[in-house]
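These are my notebook entries on a structure that I had not examined before. I set down what I looked up, one topic at a time.

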Amino acid sequence: MINLLSANFFSMIRSKRFWLGTFIMAAGGVYMVLDINRMKDMAEFDGLLDSGVFQYAILLFLILPALGSLFINTDYNDGTIRNKLTVGRTRTQVYLSNLITVYAAGVFYTLVYEAVYLLVGFPVLGSLRHPQAALSKLLMMLLLFLALSALFTLLATLITNRSVLLICVFMAFGLILGAQIINAKLEAPEMIEDYGGVTYITTEDGNMTVQYMDKNGNPIDPEDIPRVPNPRYVAEPMRTVLRKVNDIQPGGQLAELLEDGHLEPDGFKTATPYWQLALYAAGLAAAVTAGGLIFFRRKDLK
């Protein structure tokens, strides 16, 4: 296993794609500092440096599947995987070494972004105001990317042609977009106000007021607006199912971490505990890896 990892790491650091990703992550750290510094006079931040610590995650969520799929796919096309098996390595060792290599690249990219962001940001934005919270979230992010690495290692192992790059990148986009769609559905309130429209009226002193109208076009006081069931409200048991899907899938966990929770129909934000997210991420990584090992052992490499 050590020899396989050494060969994988050597191959990775010789890859121009790997160093392109490194440059993008480092540039992202610098850009985030400059962007926050530009915006700090336009809005109030709870913690200036804290606000950009994890913004790299969306970028890495797309870069890591692309890098991992190309790395594993190159092994197939160059015949490297068959050579590894020929010299006596087991399929389990080959699969796990690929997973560890992809995940190690994700950890490296995380460290690159954080190092650049903190080194550049500290003199400009000040120190972290909540270092313990940032450390906890960082550990959770690393677990999230372990699950993501396991998922795309499986896809790259099963799909041996060049289309795997597009499939992995589009799937990463789909996980993020799917999480946003689910959150938007679950935010819908159970009851909504039922009125015909609004009219903006300018008073004699130049102030603007809003006049609500009923379905017949008659003025109505805001206190008298009837409330009716919202047809877009997601009721139980589907509500619990969709929330659990977002808690388990990496895109949903990413949204949960970056947004510090999710909005409920009453307008208040609720956060899934980190220990639950950690269990889901570790469980997903283990399940996907076990499935990948089973498929890879049966895969025809000729």
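**Entry 1. A salt bridge in one helix.** I began with Asp 35, which forms a salt bridge with Arg 38, and I noted 2.6 Å between the closest N and O atoms. The model is a predicted one, and I read every value below with that in mind. I looked up where the two partners sit: Asp 35 and Arg 38 both belong to helix α2, 3 residues apart, which is about one turn of the helix. I recalled that an α-helix has 3.6 residues a turn, so residues three or four places apart point the same way. Is Asp 35 buried or exposed? Asp 35 counts as buried, because its relative accessibility is 15% and the cut-off for buried is under 20%.

**Entry 2. The other salt bridges.** I then asked how many salt bridges there are by this rule. The count comes to 3 salt bridges.

I looked up Lys 137 and Asp 260, whose side chains meet in a salt bridge at 2.6 Å, N to O. This pair links distant parts of the chain, with Lys 137 in helix α6 and Asp 260 in the loop between α9 and β6 (262–263), 123 residues apart. I checked the cover of each partner: Lys 137 counts as buried at 10% relative accessibility, whereas Asp 260 is partly exposed, with a relative accessible area of 47%.

I next looked up Arg 239, which forms a salt bridge with Glu 264, and here the closest N and O atoms are 3.6 Å apart. Arg 239 lies in helix α8 (residues 238–248) and Glu 264 in the loop between β6 and β7 (269–270), so the pair ties together parts that are 25 residues apart in sequence. At 10% relative accessibility, I entered Arg 239 as buried. I entered Glu 264 as partly exposed, with a relative accessible area of 21%.

**Entry 3. Backbone geometry.** I recalled that most residues other than glycine have a negative phi, and most peptide bonds are trans. I therefore looked for departures from both habits. Asp 260 has a positive phi of about 55 degrees, although it is not a glycine. I also found a cis peptide bond between Glu 236 and Pro 237, with omega at about 5 degrees. I located Pro 237 in the loop between β5 (227–229) and α8.

**Entry 4. The nonpolar core.** I turned to the interior and asked which residues touch the most other members of the largest nonpolar core. This core has 60 residues, and the ones that touch the most other members are Phe 61, Tyr 117, Met 141 and Phe 145. The elements that give two or more residues to the core include α1 (2–13), α2 (16–39), α3 (56–78), α5 (91–125) and α7 (164–187). The largest share, 13 residues, comes from α6.

I listed the contacts of Tyr 117, leaving aside neighbours within four places in sequence. Among them are Gly 29, Met 32, Val 33 and Ile 36, together with Leu 48, Leu 49 and Phe 122.

I looked up Thr 22 as well, which is placed in helix α2. Thr 22 is buried, with a relative accessible area of 12%. Apart from neighbours within four places in sequence, Thr 22 is in contact with Phe 108, Tyr 109 and Val 112.

**Entry 5. Helix α10.** I compared the length of this helix with expectation. At 1.5 Å a residue, the 25 residues of α10 (residues 274–298) should span 36 Å, and the end C-alpha atoms are 36 Å apart, which agrees. The buried residues in α10 include Leu 277, Ala 281, Ala 285, Leu 293 and Phe 296.

I followed Val 288, which also lies in α10. Val 288 counts as buried at 11% relative accessibility. Beyond neighbours within four places in sequence, Val 288 is in contact with Tyr 95, Ala 150, Leu 151 and Leu 154. I also recorded that Val 288 and Ser 149 are 139 residues apart in sequence and 9.8 Å apart in space, C-alpha to C-alpha.

**Entry 6. A nonpolar patch on the surface.** Last, I asked which residues form a nonpolar patch on the surface. They are Tyr 195, Val 198, Tyr 200, Met 208 and Val 210, with about 490 Å² of accessible area together. The elements that give two or more residues to the patch are β2 (197–202) and β3 (208–213). I looked up Met 208, which is placed in strand β3. Met 208 is exposed, because its relative accessible area is 57% and the cut-off for exposed is over 50%.

Terms used:
Residues numbered from 1 in each chain as written. Predicted model: local features only at pLDDT ≥ 70, side-chain atom pairs only at ≥ 80, totals over all residues. Heavy atoms only, no water. Patch = residues over 30% accessible without salt bridge, like charges linked within 9 Å, V, L, I, M, F, W, Y side chains within 5 Å. Areas by Shrake-Rupley, 256 points an atom, 1.4 Å probe, with all protein chains shown as cover. Salt bridge = Lys/Arg side-chain N within 4 Å of Asp/Glu carboxyl O. Helix = DSSP H or I, 4+ residues; strand = E, 2+ residues; numbered from the N terminus. Buried < 20%, exposed > 50% of the residue type's maximum accessible area, 1.4 Å probe, protein only. Expected span 1.5 Å × (residues − 1). Core = buried A, V, L, I, M, F, W, Y, C linked by side-chain atoms within 4.5 Å. Contact = heavy atoms within 4.5 Å.
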